[in-house]
Every structure is written in C-alpha cells, then in structure tokens.
Amino acid sequence: MIDRTVPADQQPAPGPPSAPDPGTGDAVLSLRGVHQVFPTPRGDVSAVSGIDLDVRPGRVLCLVGESGCGKTTSARVAAGLAAPTRGSVSFRSGDVAAMDGKERARFRRSVQYIHQDPYASLNPVRTVYSTVSAGLRRHKLVRDRREARRATAELLERVDLTPAGDYLDKYPHQMSGGQRQRVAIARALAMEPEVIIADESTSMLDVSIRVSLLNTLGGLRDELGVGFLFITHDLAVAKYFAWDGEIAVMYLGRIVEHGSTPRVVNDPRHPYTRALVSAVCEPDPDLARTRDRVRLRGADIPDLTDLPPGCDFHPRCPLYEQGDCDTVRPPLVPGHDRLLACHVVGGG
Amino acid sequence: MTATTTAPAAGVWGAIWQGVTRSTSGFVGLCLVLSVLAFSFVGPFLVDSHNPTDVTSIWGPISAEHWLGTNHEGKDTFVQLVLGGREPIWVGFVAALITVAIAVVLGGVAGYVRGRVDHFLLQVTDITMTIPFIVLMLVIASFYRTASPLTVSLIIGLVTWPYLMRSIRAQVLTLKEREFVEAARIQDLGTARILFVEVLPNMAGYVFINFIIAVTNAIYAVVGMYLLGLLPSTADNWGLMIQQAWDNNAFLLPRAAPFLIAPMVMIMLFQIGLVTMTRSLEQALNPRLRDR
Amino acid sequence: MSHVTDHPAAPPAERALLSVRGVDVGYRTGRRSRVTAVRDVSFDLYPGQSMALVGESGCGKTTLGLGLLRLLPRNGVVSAGEILFRRKDGRLVDVRSLAREELRRFRWSEAAMVFQGAMNAFNPVLRVRDHFLDTFRAHAGGRRPRAQLLEHSAELLRMVRLDPVRVLDSFPHELSGGMRQRTLIALALALEPQLLILDEPTTALDILTQRSIVERLAELREELRFAMVFITHDLGLAAELADRVGTMYAGRMVETGTTRDIFHRARHPYTSALINSVPPVTGDLRIPESLPGGPPGIGALPPGCSFAPRCAHAVDRCASTRPALDVLRTRPEGMSHAAACLRSHELFAEGVTRD
C-alpha cells in the first residue's frame, strides 16, 4: 500500500470562512431556521426542525447522518425542490420565497442537484448529448447544433468522460454506474451552477469508482469555485471530500454537531458523532480489532411521530445522565471549537 | 447481478422489431398482418377493379374464373374481397391515430399539470364516455346520407379516446415522479418540453401497443356499422359484403357461403394477426413483463 | 513456485467443510449463447472459518456465492467443477449432483443463504412467524408441535437481539431494514447450518445498524461455530469480519490469503488498488488512489491477465500470458497466501506490493 499521508498541519488551515458562523455575508446559499413538516396519517412528522446552513463558493458543507435524519429533506429544501414549512432559504442574500420569476429562474439554474441513483436520474430514452445539452439549448446558451455538441463534449471532458466523442451518442443503459453519474454531473455543470447539492451521489458506486468521482467533484470545487452541499452517510467519504470544509451531523431533523471537518471527524465530541465515527469499518484488520467502539444503549432510531422528551438522542446515548438529558432539549451552541447540542459534553 | 439483466435494444423501433421477431407467435402475427395489408393495398392493382355485374351467374359456384364464386349480382367475390379491405383498414388506422393523439395529448397534460386543468379534462372525459356510440352513429347517418371514410374515422376517433386517455394520465402521474423528470425541472426545461420530450417518449411502447389495439377496435366498429346498415356506402368493403350477404339471405344458400365467409375470415385473420403481434410486442416493450 | 493445494485436480482436503474444485458458473444469454461469469474457482473452507469474497460489482462474487448453493436464476448453471460439502453426518456430497429434493433439504439444514435485499427475501403477505414455521416445516424432518416451533423461533430472534413478541407478529414491511436483515439471519440460522453465505449483508443499511449486525454476526459465529462466506464490496467489512479473503476479478479468484495477508501484504495489484481506494476515517487525511476504468465484460475477456488493461504495473507479457494462482506462503487449512500475478515477486521487490 502506498502511503500518501498528509499530516493535518500541512493541510491548508480551515480559514475563517469555514468556521460555522451564521450570518456571514459571503454565503451563496443559506438556510435559516428551516423546518419541514410532513402530514401523515399518524400525525405530523417533523423531518427537519430548525436548521441553519451556509454554503460558500469553492467550499464544501457536508451533511452527515443516518437515513431518516432529514438530510435529503434539507437538501431538497436547499435546492428549491420543496418549500420549507417554516424558515427561509436565501440565494445571494435574496429570500427565494420572495423572488420574482426572473430571479427564481436564476436561482433554479445556479443551484443544481445531483441525485443518488444515476440509473433513475437519466432519461433512458435520451442520449448523453441530448440529456446534457437540453439545458444549453433551452436557455439559448448555444446557437446551433454544432455548438451544442462542442459545448457538450467540453462538459463531458470536464467530468473526465474522455474522449467525449465516445460518449455523446450513447444511451444510459450502455454505460456503467460511474459513467452515468458523471453524465448527471455534466448536466448539472451545463447550467454553470454556483452550488451543487449532491445527495449521496457516490454511495451507489463501487469503492474503486467512488474516489475518482470525488476527485472530479473536487476539481469543480477547486477550479470552478463551485460550492457544495454534500450529503452522505459515509464519514470516510465526508472526511475525504470535505477536509477543508465543514461537517454538520444531523440526528432526527436537528444538527447536533457542526464544525470544521478535521475537528469533527478526528475529534468528535457529540456522543452521536462519536458513535458514527467509531462504527465505520476500516480496511485494516488490526485496527478493526483494537479500536474502541462506542456502544449505544439502543440500536434503533425512535419513531419520528413519537419523539422522546428532552434530547432526541438520550434513549440511545451512552453518556446519558439523569437530569437535563430526558427533560430539556439541548440547544446548538458554540462549545469547544464548534457548535454542539449536548448537555453532557457541550459548553465545555 | 450483471449477467441477469438484459440491456434494452436501442430505441423503440429496435425494441418493436425485437419484440415481433423473437417469438414465433409474434412473427406469425406480423406475417398475417403484412399479408392482409398486401392483399388489400397491393391486390387492387392486380385485379380488374371494374368487376362487372353478370346477371347470368348469380351466386355462381367456385370456378377457375371466379375463385370464390359470384355474389347476388353476379359480381366476382374474390375481386370484391381484394377491393373491400382498403376502406375498413384505412378507417381503422386513421381512427386509431386520432384516438391515440387526443388521448396522449390530453392524458399527458392532465397527468403532468394536475390541478384545475386535470379536473376539467377529466370532466370532459367522463362526459365523452357517456355518449352512446350507436345512437350517435344513427343520428349522424340520418343527417348525412353518404359518410366519407374520413368522416367515419373522425367520428370513431372522437368518441373512443377517453379510456386510453385515463390510462395515459395514470402513467404520466407515476412517470413524473421519476428522478429524471425532476432533473429536467431543475434544469428549468419548461413544462411542454418536459412532458413531450422527457416523459411521453418513455411511454412510446405502451402508446404503440394501444395504437394497435385501437386499430382493431376501430375496424370492428366500422365493420359493425356497415353490418347494421348505419353507414350507407357504395364502395366495396368487407363490412358491406357481410351486410349484403345478410340482406340477400346468403346464409340460407350453401352456394353463397364464400361471399358470406370470405370477408369474415379476412377480418378475423387481420385481427388475430394484430392481437398476437401486440402480445409479443407487449412483452418486449413493457419492462415489467420483459424481465420474466 | 508451487501451485495451490486446492488445485482443480487435488483431492478434497481431509477436514474441509467445503471443497470447491475448478468451478465455472455460466449464464444462458440467448438460445445458443452463454457467458461464463465465474471461471475455474477452487478453494477449501474449513469448519468455523469466515471468508470474504471481495471485488467490484460484475466480478462474479454474487454469482459464485449463489452457485455454491445452486441458487442461481433460471438461466444460470454451474457448468464445470465440483462443490464438495461435508454434511453433518460426515458424508461428502457434491452439491452439483444433488437431486432437487435432496438439494432442498441440503439448503437451510446444511448451508443457508442470506440475500442482499432483505425485503425481497420475504413473502410480503406472511407474518414473520409464518416464515419461521414454514422454514421449520419445509426443511426439518419430523413434526414438532407448533408451540415448540414458536418458542424456537423466539429464541432465534433473541439471538439476533430482536424482541420476539413484537417481531413474530409483524409483517416484513413493518420492520426497519436492520430488523429485517437480522430476522433473515435468525431465519438462516434456524436449522443450525454449518455454512452461512451472506450476499452484501449490510450494504443497504445505516452505519450504526451495520455496526450492530457486524458485531452480532461475529458473536454468533463464536457461539455457534458456523462457517461463513460473505460477499461484499465493502473492504472494511471484510477486514473486520473475515479470517480470510478472496479477491475476485473478472470471474476469477486472483488473490487469496488471510485477512492480514490481504490488507497488509497484498501481492496482487488489483487487491492493493482496491484497498488503496478506500478513504480511511481514522487518522490524518490520506489521499486514496483511484482505480480508473471498470472490470471487463465477462463476454469479452482480454487474452492474458484480465486486470492488465487497468493495471499500472502491467508489462507486455501480462497481455498475453494468463497468470496462475501461485502460492506465496503455504499455511494449513486453506489459509495459504496465493496470488495470480506474473509480477508479484518483482512488484514485491520494488515495494509496490508489500510483505
């Protein structure tokens, strides 16, 4: 195995923009106090309960958590695919809900969304050229077919589908999962987005393909200055892709820990984050046998329609203390060098 | 894993071709359809379309001169059979085209746009469904003494679309939730383009199958109308032949049997051909059946 | 350079539970066409061992796993080789030659499979209780009273840390993904099989659920001493749950060895590349390597080493000569380290693969 370890101190220091600081003006896309409630036959379910997020140009904000924690709902709200029940989404300091048609169209194009499943997100009856160039042609970004093909080829090369000529006239079923996901990225890129929201975009791919796709996305982030809202359940992926950025850990619709990636992953504080980090299977048999594991008190996520009082995590929390934990919900407050929502470890 | 899934053939036409040729019954169906089409559309150029009346040979027997004998006016049955296919088949296709076009556009719009438009279109559909077809035809037949084939197909087309419209609407409802449609919306591609370029082509196979089913239905409808004498017509056609056989008590005369049976056999062959072809097409074009 | 002991021609190992000899698995793709998805795979599995089959999707892992129990889809067939299994009564049987009824009894009571999509493995209209009862009735000889069977089912569910009172009366869709997967494992263990084959047992699950299943499986294996073959593309899972690992590429076993052999001393460039492509979560940031391209289609294998077109270390002869699976270090009980790479010695000397 080739060791290409980059020590933490040689990494570009997470500068001020990456520190979680709600209210800074340089964010392209901001969520403030966003709630999303879904009515169900068994009562209203609050999928997202008051979250604040900021996506900055050329930076990554990673949203991590288990399924059902509200990651995807938050992402969809951020992309304008769903209107929040409460709270606001603002793009370039303008509230999306208050935008007129023209501004809204701009927002729509500048914030692109990449789905998890590249098998479902490409139209099976359209060629790559047709899929990628649809937006270009629709919005008159190209004059004629020749120009459209050239622009599409450039986009495909940008996402490392080379030589582009081999892919232009292919149908989705003629390509592998990784190639399809690249096509989906090229399609998003055609809109010259300022923010890309990637919802588990690498989780359906083989490990071998995952890294090269992440590198492609990293290129867009570093060279084109695209800001990312990156949703994943895989902390190793989060760590790799968002090393210079931030991670926000969600549990049952709320953010429980939010800070710069090296801090959150290498020194997790919230017991939930600790459990997540320690649960990862590492490809190292010795490490796997010697590592400390956080033992949860319960394996299953509580029912969203019937949440426990106090801290949402307390029925599973190994650090549970009688007192505040089961009566008062801990607020997300600055503690240590990050934002934390925990009575036991917070506020230190 | 990989080896268990079969890649769909490129494009709808490829899938259609594969569907009809890969199973024996589908291929036989295709051959039947093509033979009947050739018989009715190429045949007229090869026979003497004049087909004179010959009073000396009324209900003439099968002979070398008259392959299927002659009818009550002494006209050659075989020639009539050759000439009589064009109209019902033509009417069937045009009517099906109209039905499918209306159903696809209205079903697509209703399913995709939803809301008030959907509500309105469903009302129109319900009302159309309640129109009694036969009564309508009676009324029209009493107004117009000679209905052209085009008028007939227009009437059939305008009355039979609601059933297909409803199922297309239902399909669009599920298709529009698919991720590639959402991706197109994120690209701000516009409703019309998303509906007609992204959504509907995914139903091409389904629409094609329903088109063929609509053809068979329309042919039955038009033949039935001739048979009931609802459509006055002078041109040769299979429906009219059956009606004339009926009117002249052909079913009582063994010698007249060919005149009665031949058009029925032609209609049946064509319909059986279409139906078997459709069945194997359905397997090729419907992804849920394809994987079995 | 010696060949592997479990060579196709070698006799079944003395104590081995499962001796796989030169197995090919193919799929019919048309009336006369057939593709071979797994080629010439041989290995011995001893009682109580846990073996991981790793590789990218499309490498034949699942096909091999299904083939071992003849659970292939209708168009699939084990077209060559022997799958010798030592039954509980000590008799050696070739799974390939079992008649339908024997095969049915063989599955579950001797070897059981846990499928990838936990939902599809259940009949959605039957309660969990009925799944257990059906399994007992279909496979265990002799009749036992219903109450006793239910008590046994409850015990199995408790073994995978599920509440039997709640789970037995539920329909499959009422359970969460993790609960379903645990129920499947309990069901698979119902007749105390000697071998459990698991296909991507934790792939669709959340990380904490994954963790609890991994731990439970490890504990159960200690307790019940069954052997395990599990198919995964998650190398972390293999590192954690396996004693030994087989890397598969383009339908062949290209490297096999103990878990430490594979993760610390990988001698096949494909194995190294796979391991290096996983970003670790502990420690400082290590830049994972990407492995460009994808495995070749099983219908169009290159003539030499199948991995040569993607291999960073390939030389001319790799494209023409197919490497055999050579033993690098001999150990008893199928734990030998073997790799199918022409250059494994050179690369080791160059430090590309480590020892």
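**Loops, helix packing and a chain interface**

With 16 C-beta neighbours inside 10 Å, Glu333(C) counts as partly exposed, because a residue is called buried only from 20 such neighbours upward and exposed at 12 or fewer. The model here is a predicted one. Glu333(C) sits in the loop that runs between strand E13 (326-329) and strand E14 (337-339) of chain C. What makes Glu333(C) worth a look is its backbone: phi is near 55°, a positive value in a residue that isn't glycine.

Chain B has a case of this kind too. Phi of Arg114(B) is near 55°, again positive in a residue other than glycine. Arg114(B) belongs to the loop between H5 and helix H6 (115-129) of chain B. Its 14 C-beta neighbours inside 10 Å put Arg114(B) in the partly exposed class.

That loop leads back to H5(B), and to how it packs. Helix H5 (residues 86-113) and helix H11 (residues 204-227) of chain B have axes that come within 7 Å and cross at roughly 130°, so H5(B) and H11(B) count as oblique to each other. The crossing is right-handed. On the H5(B) side, the contact uses Pro88(B), Ile89(B), Val91(B), Gly92(B), Phe93(B), Ala95(B), Ala96(B), Thr99(B), Val100(B) and Val104(B). H11(B) answers with Val207(B), Asn210(B), Phe211(B), Ala214(B), Val215(B), Ala218(B), Ile219(B), Val222(B) and Val223(B). Sorted by class, the contact of H5(B) with H11(B) holds 16 nonpolar residues, three polar ones and no charged ones. As background to spacings of this sort, an α-helix has 3.6 residues a turn, so residues three or four places apart point the same way.

H11(B) also packs against helix H8 (residues 149-175) of chain B, at an angle of about 145° and with the axes 10 Å apart. This crossing of H8(B) with H11(B) is right-handed. Val152(B), Ile156(B), Thr160(B), Leu164(B) and Gln171(B) represent H8(B) in the contact, while H11(B) brings Tyr206(B), Asn210(B), Ala214(B), Asn217(B), Ala218(B), Ala221(B) and Val222(B). The tally for H8(B) with H11(B) is eight nonpolar, four polar and no charged residues. Asn210(B), Ala214(B), Ala218(B) and Val222(B) thus turn up in the contact of H11(B) with H5(B) as well as in that with H8(B).

Turning to chain A, its secondary structure adds up to ten helices and 13 strands. The radius of gyration of chain A is 21 Å, close to the 20 Å that the globule rule gives for 348 residues, so chain A is as compact as a globular protein of that length. Along the principal axes, its C-alpha atoms fill a box of roughly 70 × 55 × 40 Å. Of the 348 residues in chain A, 53% are buried. Among contacts in chain A with a separation of 6 or more, 64% are between residues 24 or more positions apart.

Helices H3 (residues 128-138) and H5 (residues 177-189) of chain A have axes that come within 7 Å and cross at roughly 25°. H3(A) and H5(A) are therefore roughly parallel to each other, and the crossing is right-handed. Val128(A), Thr131(A), Val132(A) and Gly135(A) from H3(A) meet Val183(A), Ala186(A) and Arg187(A) from H5(A). That contact of H3(A) with H5(A) splits into four nonpolar, two polar and one charged residue.

In helix H2 (residues 101-110) of chain A, the buried residues are Phe107(A), Arg108(A) and Arg109(A). Their cover includes strand E5 (86-91) and strand E7 (111-114) of chain A, along with helix H9 (179-186) of chain B. Arg150(A), in helix H4 (residues 145-158) of chain A, has 13 C-beta neighbours inside 10 Å and so counts as partly exposed. The loop between H4 and H5 of chain A holds Pro163(A), which is joined to Thr162(A) by a cis peptide bond with omega at about -15°.

Finally, chain A also meets chain C: 44 residues of chain C touch 40 of chain A. On the chain C side, the elements giving two or more residues are helix H7 (207-224), helix H8 (235-241), helix H9 (259-264), helix H10 (269-276) and strand E12 (285-286). H7(C) supplies the largest share, seven residues. By class, this side of chain C comes to 19 nonpolar, 15 polar and ten charged residues.

Conventions. Residues are numbered from 1 along each chain as its sequence is written. Chains are lettered from A and ligands numbered from 1 in the order in which they are written. This is a predicted model: local features need pLDDT of at least 70, side-chain atom pairs count only at pLDDT 80 or more; totals for chains, interfaces and linings use all residues. Axes are lines fitted to C-alpha atoms, for helices over the stretch in contact, and angles run from 0 to 180 degrees between N-to-C directions. Helices (H or I, at least four residues) and strands (E, at least two) are DSSP runs, numbered from the N terminus. Angles under 35 degrees count as roughly parallel, over 145 as roughly antiparallel, 65 to 115 as roughly perpendicular and the rest as oblique. A crossing is left-handed if the near helix is turned anticlockwise from the far one by less than a right angle, and right-handed if clockwise. Two residues are in contact if their C-beta atoms, placed from the backbone, lie within 7 Å. Ala, Val, Leu, Ile, Met, Phe, Trp, Tyr, Cys and Pro count as nonpolar, Asp, Glu, Lys and Arg as charged, and the others, Gly among them, as polar. The radius of gyration is taken over C-alpha atoms; the globule rule is 2.2 Å times the number of residues to the power 0.38.
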